[in-house]
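Trainee: I'm new to this structure and would like a close look at one part. Could you take me through the salt bridges, one by one?

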Amino acid sequence: MWSQEVLALSRRWLLIVLRERLNLLFSVLQPAVWLVFFAGALGGAMDPRAVGTGDYIAFAVPGIIAFTVVGNGVTAAMPLLFDKETGYLDKLLSMPIRRSSLIVSRFVFQMGMNSAQVVVILLVALVLGVRPASGPLGVLAILVATALLTLALTAAAMALACAVPSHGTFFAITGFASLPLLFMSNAFVPLSAMPGWMEAVARANPLTYAIDAMRLLVLDGWSGGVPLSLGALVVASALLLAVGVWQFARQTRERIA
């Protein structure tokens, strides 16, 4: 069954991570450390009139979540990349399993990992005095936005992993693009504080819509902007997923041929 294939492959990703428990521990805790030190350090320098609130930690929580998902998107594609280089992907493709289970299992695993990190970030934010204005249901909506963003960025990273000839090229491109992708969004400053050209680029960035939805849920509660931002995020995720699936199908078709 397809679901059994997905679960078996997801278990494989989990076992790989569990073999390096210190790596797992630091990966889960690192975003919370970013929140404490990064948001704490910048909070005193931010003008409340510019960011729209006097609580910069609450303002930065969605940015830290997006920062985490960007980093994990790159990490999510690494097993596929190394499986491709070592030939293990060819062994998987020779087995009587559906190709879709290979990428869906990666999405399932990555969404679980990112959700765990988001919960830790929100718990640390709670300790620091942040209370989401949208309540417990808003926390669930933040997890949904995180899952959609995870889907989008993991699909994009997996498409890149399929397209490049080696892991060196993959890390060169992702290393170059990751920070501009983050800073060309509203992660740490509002769009209204950006130069016009940067705001235009940020409005084409899927991160902006995920962050906007989460920020509204944290600061303002259930406003009309939440479904609009989530809708834009759904469209962006669907487009990037289509690109990822197309690239993966093309890569696997060529390897079998």
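Mentor: Sure, let's start with Glu5, which counts as buried because its relative accessibility is 12%, and buried means under 20%. Keep in mind that this is a predicted model. Glu5 has a partner: Arg98 forms a salt bridge with Glu5, and their closest N and O atoms are 2.9 Å apart. That pair ties together distant parts of the chain, since Glu5 belongs to helix 1 (residues 2-18) while Arg98 lies in the loop between helix 5 (88-94) and helix 6 (99-127), 93 residues apart. Unlike buried Glu5, Arg98 is partly exposed, at 43% relative accessibility.

Now stay with helix 1 and go to Arg12, whose side chain meets that of Asp83 in a salt bridge, 2.9 Å from N to O. Here too distant parts of the chain are linked: Arg12 is in helix 1 and Asp83 is in helix 4 (residues 56-86), 71 residues apart. Asp83 is the buried partner, with a relative accessible area of 8%, whereas Arg12 is partly exposed at 21%.

The structure holds three salt bridges, so one is left to visit. It joins Arg203 and Glu199, with the closest N and O atoms 2.9 Å apart. This pair sits within helix 9 (residues 196-203), and because Arg203 and Glu199 are four residues apart there, about one helical turn separates them. Arg203 is partly exposed at 44% relative accessibility, and Glu199 is partly exposed as well, with a relative accessible area of 21%.

Terms used
Residues are numbered from 1 along each chain as its sequence is written. This is a predicted model: local features need pLDDT of at least 70, side-chain atom pairs count only at pLDDT 80 or more; totals for chains, interfaces and linings use all residues. Side-chain values use heavy atoms; hydrogens and water are left out. A salt bridge is a side-chain nitrogen of Lys or Arg within 4 Å of a carboxyl oxygen of Asp or Glu. Helices (H or I, at least four residues) and strands (E, at least two) are DSSP runs, numbered from the N terminus. Buried means under 20% relative accessible area, exposed over 50%, partly exposed in between (1.4 Å probe, protein chains only).
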